[in-house]
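Please examine the sequence and the structure shown below. The paragraphs that follow lead through the chain step by step, beginning with one pair of neighbouring strands.

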Amino acid sequence: MTASAGRRTPRADCTVGPDGGITFDLDRRREDGEAPELLLRLRGAKGTDGGTVRLPLSPLRDGRLRAVLPGARESAEGRWDVYLREPGTDDDAAVAVEPGIRDLRLLVDRTPGSGPVAVRIPYPTLDGRLAVRCWLRAPHAEAGPVTFGGTGITVEGTLYGTDLGADAGVEARQPGADGRVLRVPVTGQGGTFAFTLPLDRLAGGAVTAQQLWTLWLVPGTAEGERGGVRISRILDDVWDRKKIFVYPGRSTGEGALATPCYSTDNDLCLRLEPEPAG
């Protein structure tokens, strides 16, 4: 979409508040008549129900316009693109907003309260637009340190929204109908958890192509949680840690290399691939 004639592309400064809400300050002055509004659109959503959030814009003393996404308002998990709808136009004519200054300091070392873990991070897209990455997890397993020791990979973390049962465990799952599952015990107390994946039990044979295993904490404490809680890292200001958190690989001892990694959705994974010759 392009800006309407005679107007430059709007830009918004973003500040994340202590309750997880976001304040958008636009470099656009209000004119006489109907006020413009900010639209947040869930990428990939079908239809308009639940896929669009409308935020009114009000003038500040310096003439700019401000919109607030309240922290108490739940946002569906996904990526929300930010648009400005000018007065007298329909939603299809809304203009994409560019990112300005983003103050994300309050997201660092954040400890969520009771209820679902809700995280929102405003970020610049690859093509220079403003978007908001949202997570909504209940319960949630937050990944912490990832270390190597002997022939295993150890992960520590914090569990929110539930407790570990006597039959709790962690599963490394190979996606696909015929994918393998490796289950290991998990320990923890006071909301923490830790587990070690033995590398020599992962491959189960020769590894001829790259495999991406997902990691799930299975609390085993209530019906519905036995399917597992995705182990992720979302409680900071990093919206895409795939290329930022890079770990070394370790040989499984069976001609394969195991490397912890994050997905573009900040989910912790384990990549298996043939070990380079030499």
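In which sense do β20 and β21 pair, and over how many bridges? In this predicted model, the two strands pair in the antiparallel sense, over seven bridges. At one position of this pairing, Tyr 262 stands opposite Leu 268 in β21. The two strands form a hairpin, with five residues between them. Strand β20 covers residues 256-262, strand β21 covers residues 268-274, and Asn 266 is found in the loop between them.

Asn 266 deserves a closer look. Its phi is positive, at about 65°, although the residue is not a glycine. Most residues other than glycine have a negative phi. Asn 266 also counts as buried, because its relative accessibility is 0%, and a residue is called buried when this value is under 20%.

Strand β20 has a second partner, since β19 and β20 also pair in the antiparallel sense, here over two bridges. Ser 251 stands opposite Leu 257 in β20. This hairpin has four residues between its strands, and in it Gly 253 takes a positive phi near 85°. How much of β20 itself is covered? Seven of its seven residues are buried. Ala 256, Ala 258, Pro 260 and Tyr 262 point one way from the strand, whereas Leu 257, Thr 259 and Cys 261 point the other way. Residues on both of these sides are buried.

The loop that precedes β19 offers another example of a buried residue. Val 238 lies in the loop between β18 (229-232) and β19 (250-251). Is Val 238 buried or exposed? It counts as buried, because its relative accessibility is 15% and the cut-off for a buried residue is under 20%. Leaving out residues up to four places away in sequence, Val 238 touches Ile 121, Trp 135, Ile 244 and Asn 266; the last of these is the residue with the positive phi discussed above. Val 238 also shows how the fold brings separate parts of the sequence together: Val 108 is 130 residues away in sequence, yet the two C-alpha atoms are 9.1 Å apart in space.

The view may now widen to the whole chain. The protein chain has zero helices and 21 strands. Its C-alpha atoms fill a box of roughly 70 × 45 × 35 Å along the principal axes. Of the 278 residues, 45% are buried. Among contacts between residues at least 6 apart in sequence, 61% join residues at least 24 apart.

Some of the strands make up an open sheet of five, with the order β5-β6-β2-β1-β9 and mixed pairing. Its edge strands are β5 (58-59) and β9 (98-103), each of which pairs on one side only. Strand β5 is joined by two bridges to β6 (residues 65-69), and these two strands run antiparallel. Within this pair, Ser 58 stands opposite Arg 66 in β6.

Which residues touch the most other members of the largest nonpolar core? Among the 31 residues of this core, they are Phe 24, Leu 38, Leu 40, Leu 55 and Val 82. Two or more residues come from each of β1, β2, β3, β4, β6, β7, β10 and β11. The largest share, four residues, comes from β11. Val 82 illustrates the packing: beyond its neighbours within four places in sequence, its contacts include Phe 24, Leu 38, Leu 40, Val 97 and Val 132. Apart from this core lies another, of 28 residues, among them Ala 141, Leu 197, Leu 215 and Val 229. In soluble globular proteins, nonpolar side chains tend to be buried together.

Charged residues can be buried as well. Arg 120, in strand β10 (residues 117-124), is buried yet has no salt bridge. The nearest side chain of opposite charge, that of Asp 19, is 6.7 Å away, whereas a salt bridge requires a distance within 4 Å. The side chain of Arg 120 does make a polar contact, at 3.2 Å, with the side chain of Ser 75.

A final detail concerns the backbone. The peptide bond from Ala 138 to Pro 139 is cis, with omega near -5°. Most peptide bonds are trans. Pro 139 lies in the loop between β11 (130-137) and β12 (140-149).

Key. Residues numbered from 1 in each chain as written. Predicted model: local features only at pLDDT ≥ 70, side-chain atom pairs only at ≥ 80, totals over all residues. Heavy atoms only, no water. Pairing = 2+ DSSP bridges. Buried < 20%, exposed > 50% of the residue type's maximum accessible area, 1.4 Å probe, protein only. Contact = heavy atoms within 4.5 Å. Lys, Arg positive; Asp, Glu negative; His and termini not counted. Polar contact = N/O pair within 3.5 Å; in protein donor to acceptor, adjacent residues only side chain to side chain. Core = buried A, V, L, I, M, F, W, Y, C linked by side-chain atoms within 4.5 Å.
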